[in-house]
Amino acid sequence: MLTQAMIKELTAIVGSQNIITNQAGLAAYGYDATLMAQRPVGIVFPRSTEDTSALVKYANQVGLVMVPRGAGTNLSGGSLPLENSLVVCLSRMTRILEIDPKNFTATVEAGLVNFDLQEALEKYGYYYPPDPASYKASTLGGNIAECSGGPRCFKYGVTRDYILGLEVVLPSGKIIEVGGKNFKSEFRYDMTRLLVGSEGTLGLVTKAILRILPKPFAKRTMLAIYNKVEDASRTVADIVAAGIIPTTLEMMDNLLINTADEHVKLGLPRDAGALLIIEVDGYEVDLDKQVRLIEELCEKADVRSFKVATSQAEADQLWLARRTVIGSVGRRRPSYSLQDVTIPRSTFPQMVDAILACSRRYDLPIGILAHAGDGNFHPLVLFDERDASEVERVHKAEVDLIRDALALGGTMSGEHGIGVLKKEYLAWEFSETAIEAFRKIKRSFDPTAILNRGKIVDLAAEG
Amino acid sequence: MAKADRKSASLDDVIKDLYLCNKCGFCQPACKVYKTDLNESFSARGRVQLIKGVAEGKLPVDEGFRDAVNSCLLCQECTVACPSGVKPHELVLAARRYMQQTEGLPLDKKIILGTLADPFRRKLAFSTARFLRDKVSNKIQGFNDLKGIDVRGLPIDKTGFIDQVPELNKAPVSKGKVGFFVGCFINHSLAKTGHAIVKVLNKNDIDVVVPKKQVCCGTPQNAYGDFELAKKNARKNIRLYKDLDAVITGCGSCGAMLKNEYLHLFADEPDFLPEVENFAKKIFDFSTYVMHEIKLDPQKFKVFHHKVTYHDGCHMSRGLKITKEPRDILKSIPRIEYVELREADRCCGAAGLFQSYFYEIATEISRQKVQNIDNTGADIVVTGCPACVHRIQGSLRLTGKEQKVVHLADLLAEAYQ
């Protein structure tokens with residue numbers, strides 16, 4: 001609980017419009033896109049870096065643990081308030097400070113929504129490549145904290161590849177700037193890359209200098225439909241082996257084709273085993289040849305139908321289906337467990353087999369969604385959180401999926417982060433020495449673990 | 001309300017729907033209120049989670065909860081956007097009904113909703129408003145912008161439209177007959193639009209019946225959870241239009257209420273439901289009726305040298321799902337230059353009582369609408385909803401803009417000159 005004195009001080013920093021302490025407000029900031037929930041003690045919305053710094057300094061004075069938050073679409077619990085925490089919500093810091101197309105950069109505040117930046121860049125003929133499925137809702141600050149990926153990663157890379165510089169409020173309240181607008185610079189310790197993906201455990205990102213790119217001249221969006229998921233998975237391995245790098249290579253299985261189509265109503269074949277959405281971009285003259293090559297590989301793997309979108313509207317609808325598919329599974333069962341295991345691309349078919357086996361083992365529907373080109377899987381285990389026996393089986397399935405991915409030389413998290421959900425499995429992927437190194441990094445930034453306590457690793461001092 | 005009812009009030013009937021929300025947050029960009037205030041309690045996901053909290057007994061109904069639930073525009077954008085098929089606007093309605101049953105409506109809302117539901121009190125209220133506008137507010141320097149509402153510019157007719165016309169408005173040559181459901185705004189503040197609708201129909205050889213005893217469709221009462229009062233009016237209207245085969249509306253909200261919401265209201269009355277279904281089938285928005293039933297002849301229109309754009313009201317586009325007809329009609333007028341409005345189907349900020357209870361958010365939403373209108377370069381904004389006409393016209397005027405906002409029927413009536 002916040003004392004009246006604390007509320008007064010916090011209000012003095014952010015203003016009465018930017019603090020919430022009522023029951024409903026606390027409940028609304030106690031969850032993210034996971035199943036967990038715990039109410040914070042208050043929510044503050046800083047409007048500037050200076051506000052943020054003053055808030056953090058005050059929190060240090062009174063020993064208030066802080067949780068950074070943007071849009072709250074987190075899938076690993078990274079933005080959940082774990083214990084008597086104050087939510088520092090950056091959603092109201094939404095300014096675009098500069099768009100500099102000549103230098104390929106944009107400077108933005110952390111609360112700006114990814115899509116809102118894309119819209120602003122559109123006018124200049126530019127775009128920002130990282131595009132997590134949540135990009136219409138999620139903030140760039142959140143994307144940076146989680147090092148978000150997205151469908152375009154196969155060709156263009158993830159968030160870390162597009163962050164040139166950051167302004168960060170450290171857990172002490174001091175403000176630092178790392179990196180900058182220069183495209184190249186001989187970093188000593190690459191603080192920017194250390195902070196990207198640190199899940200808000202090392203500092204509060206308030207501003208970022210992003211790398212932007214001119215929009216590609218042309219694009220082709222293809223839809224390949226298969227009778228069997230194994231055939232689609234063979235195509236993925238073949239495309240990678242042939243040395244083709246599409247912009248995106250996305251896979252959805254039968255279950256997800258059905259739920260996505262119920263939402264978007266594209267008229268997808270409901271009996272298909274799987275589909276691939278494949279996109280290539282670049283110069284117009286190159287594209288037809290790439291499309292032909294891909295079509296040949298699809299046919300080799302017994303594709304049922306192969307189609308190139310004839311209009312932007314058609315491609316957009318396909319992407320809408322893909323981007324909203326995770327939420328659409330609510331049409332089957334009310335709850336889902338979503339993993340983001342990632343494996344070396346060449347082992348793609350083995351991971352598909354492992355997921356199918358897991359689904360049979362625990363008698364649970366598992367939708368297979370994958371950024372196939374990256375080897376990044378999103379197995380969606382469907383259940384009802386009110387059914388205790390199901391919840392137990394889901395937990396076991398999660399464990400198996402992570403173990404299967406690790407056995408293939410993969411990682412437990414490709415793009416959603418460790419947060420709270422995957423913390424207990426950390427020792428399977430990292431040695432004790434490595435985990436101790438994580439703790440040392442955390443301690444050097446945040447010795448009292450006042451910022452996002454209990455995420456990624458616990459410090460011994462936290463008890 | 002009897003004590004027993006109050007005790008039995010619960011949210012149990014929507015629990016299943018509340019659990020459908022898996023909190024992905026994809027509704028956030030669809031919620032204009034959230035995009036303006038950037039506060040989770042004022043987002044569709046936030047409202048659904050808070051209602052779930054109350055339904056499960058984990059949250060009290062307090063000021064924060066009421067604000068969250070009342071800050072919904074009922075624009076239905078979240079319902080369209082939700083991948084899981086949750087209908088947050090229906091859950092908000094259920095929560096408002098729950099609040100109405102358990103703690104009653106606050107006095108101001110009770111008075112407003114009761115007044116609108118009763119034709120006599122409604123008439124009295126509009127004349128009082130007109131008197132106050134002319135004798136008081138217009139005499140006070142600077143008193144035109146009342147919480148973002150252009151009070152001075154608000155048109156209020158001296159005599160309501162229903163009282164201005166006979167019950168039967170015959171066309172010179174009669175080939176058919178329709179009923180006209182007038183609605184509060186057209187009756188008391190846009191009588192000219194009422195006349196325009198009758199004129200266009202008459203010009204196309206259709207007789208128009210304007211039943212004198214028609215009452216408010218029930219939208220405002222339904223929106224704030226007073227389902228019983230809404231039902232009372234619904235019953236009256238359904239019986240009143242019994243003998244007519246088609247009923248024309250000139251308001252997206254009235255239309256969506258008569259055509260869709262009446263069915264929800266009477267879902268638990270199987271004996272009466274067939275009559276409601278029959279009534280719903282007869283409801284046509286003005287635009288669809290003139291487009292599909294009488295097939296307008298654009299040859300008869302005069303040349304119209306204007307650049308126009310179109311704003312979809314929320315209940316017109318997502319309630320009645322009418323988006324194509326008004327645009328096609330506009331484009332068919334000779335020489336008209338039609339330009340599409342960015343975010344044409346997003347709320348204009350009116351949303352019934354929302355604009356006065358959450359005026360800061362409403363003003364910002366309207367500012368964006370004005371900005372988008374300005375960017376089109378159009379000199380006339382057309383819409384099918386009287387509430388949007390007032391809100392958008394007022395917001396334009398308050399920011400010194402010259403564009404005119406008219407109902408589709410106004411424009412067509414002029415094209416027939």
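Helices here are DSSP runs of at least four residues in H or I, and strands are runs of at least two in E, numbered from the N terminus. One caution before starting: this is a predicted model.

**Exercise 1. Describe the build of chain B: how many helices and strands does it have, and does its radius of gyration agree with or depart from that of a compact globule?**

Step 1. Count the elements. Chain B comes out with 23 helices and 11 strands.

Step 2. Check the overall dimensions. Along the principal axes, the C-alpha atoms of chain B fill a box of roughly 65 × 50 × 45 Å. A compact globule of 417 residues would have a radius of gyration near 22 Å, and the 21 Å of chain B agrees with that.

Step 3. Look inside. Of the 417 residues in chain B, 51% count as buried. Take the contacts in chain B with a separation of 6 or more: 77% of them are between residues 24 or more positions apart.

**Exercise 2. Work out the order of the open four-strand sheet of chain B, and say which strands stand at its edges.**

Step 1. Read off the order. The sheet runs E9-E8-E10-E11 in chain B, with parallel pairing.

Step 2. Find the edges. Strand E9 (337–338) and strand E11 (404–407) of chain B each have a single partner strand, so one side of each is left without a neighbour in the sheet.

Step 3. Zoom in on one pair. Strand E8 (residues 307–311) and strand E10 (residues 380–383) of chain B run parallel and are joined by 4 bridges. To find your place in the model, start from B:His311, which stands opposite B:Thr383 in E10(B).

**Exercise 3. Characterise the contact between chains A and B: how many residues does each supply?**

Step 1. Count both sides. Chain B puts 27 residues into the contact and chain A puts in 28.

Step 2. Locate the elements on the chain B side. Helix H2 (15–20), helix H4 (44–55) and helix H5 (63–70) of chain B each supply at least two residues there.

Step 3. Sort that side by class. The chain B residues touching chain A split into 13 nonpolar, 10 polar and 4 charged.

**Exercise 4. Now do the same inside chain A: what does domain 3 bring to its contact with domain 4?**

Step 1. Place the domains. The assignment for chain A gives five of them, including domain 3 (217–332) and domain 4 (334–422). The C-alpha centres of domain 3 and domain 4 of chain A lie 21 Å apart.

Step 2. Count the contact. In chain A, 22 residues of domain 3 meet 18 residues of domain 4.

Step 3. Name the contributors. On the domain 3 side, helix H8 (229–241), strand E13 (248–253), helix H9 (254–264) and helix H12 (325–328) of chain A each give at least two residues. H8(A) gives the most, with 7 residues.

Step 4. Sort by class. That side of domain 3 of chain A holds 14 nonpolar, 3 polar and 5 charged residues.

**Exercise 5. Is strand E4 of chain A covered on one face or on both?**

Step 1. Count buried residues. In strand E4 (residues 85–89) of chain A, 5 of 5 residues are buried.

Step 2. Split the faces. A:Ser85, A:Val87 and A:Cys89 lie on one side, A:Leu86 and A:Val88 on the other, and all are buried, so both faces of E4(A) are covered.

Step 3. Add the neighbours. Strand E2 (residues 42–44) of chain A runs parallel to E4(A) through 3 bridges, with A:Gly42 opposite A:Leu86. Strand E3 (residues 65–69) of chain A is also parallel to E4(A), through 5 bridges, and A:Val65 has A:Ser85 as its bridge partner.

Step 4. Link to the core. A:Val88 is among the residues with the most contacts inside the largest nonpolar core, which has 248 residues.

**Exercise 6. A:Asp363 and A:Ile456 both have positive phi without being glycine. Is each buried or exposed?**

Step 1. Take A:Asp363, with phi of about 50°. This residue is in the loop between helix H13 (348–361) and strand E17 (366–371) of chain A. Exposed means 12 or fewer C-beta neighbours; A:Asp363 has 9 inside 10 Å, so this residue is exposed.

Step 2. Take A:Ile456, with phi near 60°, in the segment after helix H16 (432–445) of chain A. Buried means 20 or more; A:Ile456 has 25 other C-beta atoms within 10 Å, so this residue is buried.

Technical notes: Residues numbered from 1 in each chain as written. Chains lettered and ligands numbered in written order. Predicted model: local features only at pLDDT ≥ 70, side-chain atom pairs only at ≥ 80, totals over all residues. Domains from an automatic or database assignment. Contact = placed C-beta atoms within 7 Å. Nonpolar A, V, L, I, M, F, W, Y, C, P; charged D, E, K, R; others polar. Rg over C-alpha atoms; globule rule 2.2 N^0.38 Å. Core = buried A, V, L, I, M, F, W, Y, C linked by C-beta atoms within 7 Å. Pairing = 2+ DSSP bridges.
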